[in-house]
Number of protein chains: 2
Amino acid sequence: MTSTEPPAESAPLRPTRQRRAVSEALAACDDFRSAQEIHELLGRRGDPVGLATVYRTLQRLADAGEVDMLRTEDGEAVYRRCSGSHHHHLVCRSCGATVEVEGPAVERWTRAIADRHGFADVSHTLEIFGTCPTCAES
Amino acid sequence: MTSTEPPAESAPLRPTRQRRAVSEALAACDDFRSAQEIHELLGRRGDPVGLATVYRTLQRLADAGEVDMLRTEDGEAVYRRCSGSHHHHLVCRSCGATVEVEGPAVERWTRAIADRHGFADVSHTLEIFGTCPTCAES
DNA sequence: ACACCTGGTGAGAATGATTTTCAAGTCGGG
DNA sequence: CCCGACTTGAAAATCATTCTCACCAGGTGT
C-alpha cells in the first residue's frame with residue numbers, strides 16, 4: 001500500500017501465441033463467426049488453441065471494444081473485428097456476410113426515448129438480418 | 001391423398017388448462033419474463049405446468065405473434081404479451097419493466113438499408129436496455 | 001543462472017437454458 | 001364407448017458457455 005496504484009486499470013494483457021492466433025483469425029475473415037467456428041478454424045490451420053481460451057480471448061477483445069459481438073436469432077454469440085466507431089450491422093442469416101451501417105438518427109432517437117422515460121445507463125442493440133444476394137440465388 | 005388437404009394450415013391448437021394457464025400468467029404481469037420464471041410462478045400459484053410445456057407454449061404464442069420474445073443481454077429468451085402492431089421495447093435491466101415504443105422512421109430506415117444492399121427476407125431487432133427510474137434510486 | 005510470482009493455458013467437469021424422447025393422458029367425434 | 005390425433009411431463013439429451021485446477025511460460029529481483 002505504498003502509492004503505486006494507478007486506479008485499478010485493466011490488466012496489462014500479455015501477448016501470447018494464442019491471443020495472436022485468435023486476433024489473426026478474426027482479421028482473416030470479414031464475417032461474424034462463433035467462438036466454436038474460430039476454434040475449429042484455428043485447429044484446422046494447425047495453430048490449435050483451447051476452446052476455453054478462445055472464449056476468454058473473444059470476451060476480452062469484445063470488452064476492449066476491439067471486436068463486435070452480437071447474438072444470432074437463435075441466441076448464439078458471434079464475433080467480428082470491426083471499425084472503432086459505433087455502428088450496426090446488416091447480416092446474412094445463412095453465410096454471415098456483414099455490412100456495417102451507421103444511423104445517427106437512430107442513435108438520437110433511442111437516446112431521446114430513454115431520456116423521456118427517465119431510464120439511465122442506457123444501451124441498445126440494433127441488427128438487421130436477411131439473405132444476401134449471393135445466398136439468395138440458391 | 002384424396003383431396004382433403006387445406007394448404008397445410010397452422011394446426012387447430014386445442015385450448016387446454018396448461019395453455020390457458022400460461023396465457024393468463026403472461027396477461028397478469030406487464031414485464032418480460034423467462035420461461036423458467038413463468039413455470040415457477042405457475043407452480044407457486046398452484047396451477048403447475050411442466051417446464052417443457054411452458055417452453056412449447058411460449059414458442060407457439062410467439063410464432064403466432066401473440067407475444068413478443070427477445071433476448072436479454074446475456075442471451076436468455078424472455079416473453080411478454082404485447083399489442084399486435086410492430087414495435088420495440090425499452091426494458092429495465094434489473095426489474096424487467098417495459099415500455100413499448102414505436103419508431104416508424106427506424107422501420108423505414110432498416111428497409112431502405114436492406115434494399116440498398118439487395119438483402120431479401122429481412123427482419124430486424126432493436127431493443128433499448130437501461131435502468132428504470134424506480135430501480136435507479138437504489 | 002536461479003528461485004519466484006503472476007498471469008495464461010487447456011482438458012475435462014460443471015452449468016444452465018432449451019429441446020427431444022416417449023409412454024401415458026385427454027379430447028372430440030362417430 | 002372407442003379411435004385417433006393432439007398434449008403433457010419427467011427424465012434424458014443437446015449445446016453453448018463457464019469453471020476448475022494442475023501445469024506452463026515469461027519477466028523480475030538477486
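Which residue just after α2(A) takes a positive phi? In this predicted model, whose local features need pLDDT of at least 70, whose side-chain atom pairs count only at pLDDT 80 or more and whose totals for chains, interfaces and linings use all residues, side-chain values use heavy atoms, with hydrogens and water left out. Residues are numbered from 1 along each chain as its sequence is written, while chains are lettered from A and ligands numbered from 1 in the order in which they are written.

**View 1. Helix α2 of chain A and the residue that follows.** A:G46, placed just after α2(A), takes a positive phi of about 70°; helices here are DSSP runs of H or I with at least four residues, and strands are E runs of at least two, numbered from the N terminus. Within α2(A), which spans residues 35-44, the buried residues (under 20% relative accessible area, 1.4 Å probe, protein chains only) are A:A35, A:I38 and A:L42. Because they cover an arc of only 65° around the axis, they lie on the same side of α2(A), the arc being that of the directions from the helix axis to the C-beta atoms. Their cover includes α1, β1 (33-34), α3 and β3 (77-81) of chain A.

**View 2. The protein surface near DNA strand C.** There are 19 residues around DNA strand C, the closest being A:T16, A:R19, A:T53, A:R56 and B:Y55, where near means that a heavy atom of the residue lies within 4 Å. A phosphate oxygen of DNA strand C is 2.2 Å from a side-chain N or O atom of A:R19, and another such pair, involving the side chain of B:Q59, is at 2.9 Å. The elements that give two or more residues to this surface are α1 (17-28) and α3 (51-63) of chain A and α3 (51-63) of chain B, and α3(B) gives the most, with four residues. Of the atoms of the strand within 4 Å of the protein, 69% belong to sugar or phosphate and the rest to bases.

**View 3. The surroundings of B:D31.** B:D31 is found in the loop between α1 (17-28) and β1 (33-34) of chain B, and it counts as buried because its relative accessibility is 18%. Leaving aside residues up to four places away in sequence, B:D31 touches B:Y79, B:R80, B:C95, B:G96, B:A97 and B:T98, a contact being heavy atoms within 4.5 Å.

**View 4. The axis between chains A and B.** A turn of 180° with a shift of 0.0 Å along the axis lays chain B on chain A with an RMSD of 0.1 Å, so the two copies are related as by a two-fold rotation axis. The superposition is by least squares on the C-alpha atoms of residues with pLDDT of at least 70 in both copies. B:L126 comes closest to the rotation axis among the residues of chain B, at 2.2 Å (C-alpha).

Terms used:
A polar contact is a pair of N or O atoms within 3.5 Å; within protein, one must be able to donate a hydrogen and the other to accept it, and residues adjacent in sequence count only if both atoms are side-chain atoms. Buried means under 20% relative accessible area, exposed over 50%, partly exposed in between (1.4 Å probe, protein chains only).
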